[in-house]
Amino acid sequence: MHPSYREGAREGFRVAFPQSIGLIPWALVTGVAMVTAGFTPLQAMGMNVLVFAGVAQLGTLPLIVAGAPLWLIVTTALVLNLRFLIFSAAIARGFRDIGAGTRWLSSYLLIDGVFAACFEKMLTCEDRRWRLGYYLAPSVWSWLLWQIFALTGVLAAGSIPRTWSIEFMATIALIVILLPMTKFRPMLVAAATGGTMAVLLHGMPLRLGVIVAIVAGIGAGFLAEHLLPKREAA
């Protein structure tokens with residue numbers, strides 16, 4: 001292993017480690033939720049490995065349980081993961097001079113916390129090996145952490161009383177991961193709009209309010225990105 005790759009891996013792990021801890025309660029809740037929804041342990045872990053996206057997994061579970069149409073389940077998953085399209089476009093320059101196979105693997109491993117921690121340095125460092133180590137070390141670590149604690153949740157689901165409402169743990173974990181990303185006003189506008197709309201539209205059937213809230217948040221962030229600088233300049 002090249003020294004600059006090892007150096008980048010150490011730095012990436014150090015920077016992203018605090019945020020990766022937030023994955024533990026989230027993974028536990030996801031594991032429990034999938035088994036509670038009727039998945040067998042094998043099905044739950046199969047989905048966990050294939051999808052590797054807690055928000056999409058938790059967001060589509062109620063639809064699967066309710067027997068919603070397949071198009072709605074797929075659309076909801078795509079909308080909930082729409083942010084990764086934006087993340088990928090933003091961080092793409094950090095993978096310049098890196099092979100297509102590695103880029104595909106890296107896209108599968110991309111999560112909110114790693115993006116938030118690695119985004120800026122990935123764009124500025126010229127050393128290809130350093131950048132790759134910097135990204136892959138926390139990504140692979142987060143993947144392992146997620147699978148281990150999701151499996152723990154799957155195996156422990158039967159021993160957790162149904163009266164324990166632990167769903168809020170996933171929300172708290174997501175907030176802890178996403179808050180450091182809201183550094184700029186367009187991000188704050190998008191988060192505030194999406195959050196407010198999600199609360200206001202909570203009563204919509206089949207959780208369609210979540211989709212509307214996401215679209216509204218993205219639209220508000222897009223408008224803020226283009227309008228706020230003009231207002232500041234004026």
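1. A salt bridge is taken here as a side-chain nitrogen of Lys or Arg within 4 Å of a carboxyl oxygen of Asp or Glu. On that criterion, a search of the whole structure, which is a predicted model, returns 4 salt bridges. The points below begin with three of these contacts and then turn to aromatic pairs, backbone geometry, the surface and the cysteines.

2. Glu11 and Arg14 are joined through their side chains by a salt bridge, with an N to O distance of 2.7 Å. Both residues belong to helix 1, where they stand 3 residues apart, about one turn of the helix. Their surroundings should be noted separately: Glu11 is buried, at a relative accessible area of 19%, whereas Arg14 is exposed, at 53%. Since the cut-off for burial is under 20%, the value of 19% places Glu11 in the buried class.

3. Glu11 also meets Lys121 in a salt bridge, here at 3.4 Å from N to O. Because Glu11 is in helix 1 and Lys121 in helix 8 (residues 112-124), this pair ties together parts that are 110 residues apart in sequence. Lys121 itself is partly exposed, with a relative accessible area of 37%.

4. A further salt bridge connects the side chains of Arg83 and Asp112, at 2.6 Å from N to O. Arg83 is placed in helix 6 and Asp112 in helix 8, so the contact ties together parts that are 29 residues apart in sequence. Both Arg83 and Asp112 are buried. As for shared partners, salt bridges join Glu11, Arg14 and Lys121 into one network.

5. Aromatic contacts deserve a separate check. The whole structure contains 11 aromatic pairs. One of them is formed by Phe13 and Phe17, a tilted pair with 5.5 Å from centre to centre and 40° between the planes. Phe13 and Phe17 are 4 residues apart in helix 1 (residues 3-20), about one turn of the helix. Phe13 is partly exposed, at 32% relative accessibility, and Phe17 is likewise partly exposed, at 34%.

6. The pair Phe84 and Phe87 has ring centres 5.7 Å apart and planes at 90°, so the arrangement is edge-to-face. These two residues lie 3 residues apart in helix 6, about one turn of the helix. Both rings belong to buried residues: the relative accessible area is 15% for Phe84 and 9% for Phe87.

7. Ser20 also belongs to helix 1. The side chain of Ser20 reaches the backbone oxygen of Phe17 at 2.6 Å. Ser20 counts as buried, with 3% relative accessibility, while its contact partner Phe17 is partly exposed at 34%.

8. A cluster of aromatic residues, linked by ring pairs, consists of Trp26, Phe52, Tyr108 and Trp146. Phe52 merits inspection for its backbone as well. Most residues other than glycine have a negative phi. Phe52, which is not a glycine, has a positive phi of about 45°. Phe52 is situated in the loop between helix 3 (41-51) and helix 4 (54-66), and is buried, with a relative accessible area of 7%.

9. Asp97 is another residue that is not a glycine and has a positive phi, in this case about 65°. Asp97 is found in the loop between helix 6 and helix 7 (100-109). With 63% relative accessibility, Asp97 is exposed, whereas Phe52 is buried.

10. On the surface, Leu82, Leu85, Ile86 and Ile218 make a nonpolar patch of about 350 Å². Helix 6 (residues 82-91) gives the most to this patch, contributing 3 residues. Leu82, one of the patch residues, lies in helix 6 and is partly exposed, with a relative accessible area of 33%. Patch membership requires over 30% relative accessible area, and the 33% for Leu82 is in keeping with that requirement. Helix 6 also holds the edge-to-face partners Phe84 and Phe87, which are buried at 15% and 9% respectively.

11. Finally, the structure holds 0 disulfides. Two cysteines may be noted for their accessibility. Cys118 is buried, at 0% relative accessibility, and Cys125 is also buried, with a relative accessible area of 18%.

Note on methods:
Residues are numbered from 1 along each chain as its sequence is written. This is a predicted model: local features need pLDDT of at least 70, side-chain atom pairs count only at pLDDT 80 or more; totals for chains, interfaces and linings use all residues. Side-chain values use heavy atoms; hydrogens and water are left out. Patches are made of residues with over 30% relative accessible area and no salt bridge: like charges are joined within 9 Å, nonpolar side chains (Val, Leu, Ile, Met, Phe, Trp, Tyr) within 5 Å. Accessible areas come from the Shrake-Rupley method with a 1.4 Å probe; for residues, only the protein chains shown count as cover. Buried means under 20% relative accessible area, exposed over 50%, partly exposed in between (1.4 Å probe, protein chains only). A disulfide is a pair of cysteine sulfur atoms within 2.5 Å. Rings of Phe, Tyr and Trp (its six-membered ring) pair if their centres lie within 6.5 Å; planes under 30 degrees apart count as stacked, over 60 as edge-to-face and the rest as tilted. A polar contact is a pair of N or O atoms within 3.5 Å; within protein, one must be able to donate a hydrogen and the other to accept it, and residues adjacent in sequence count only if both atoms are side-chain atoms.
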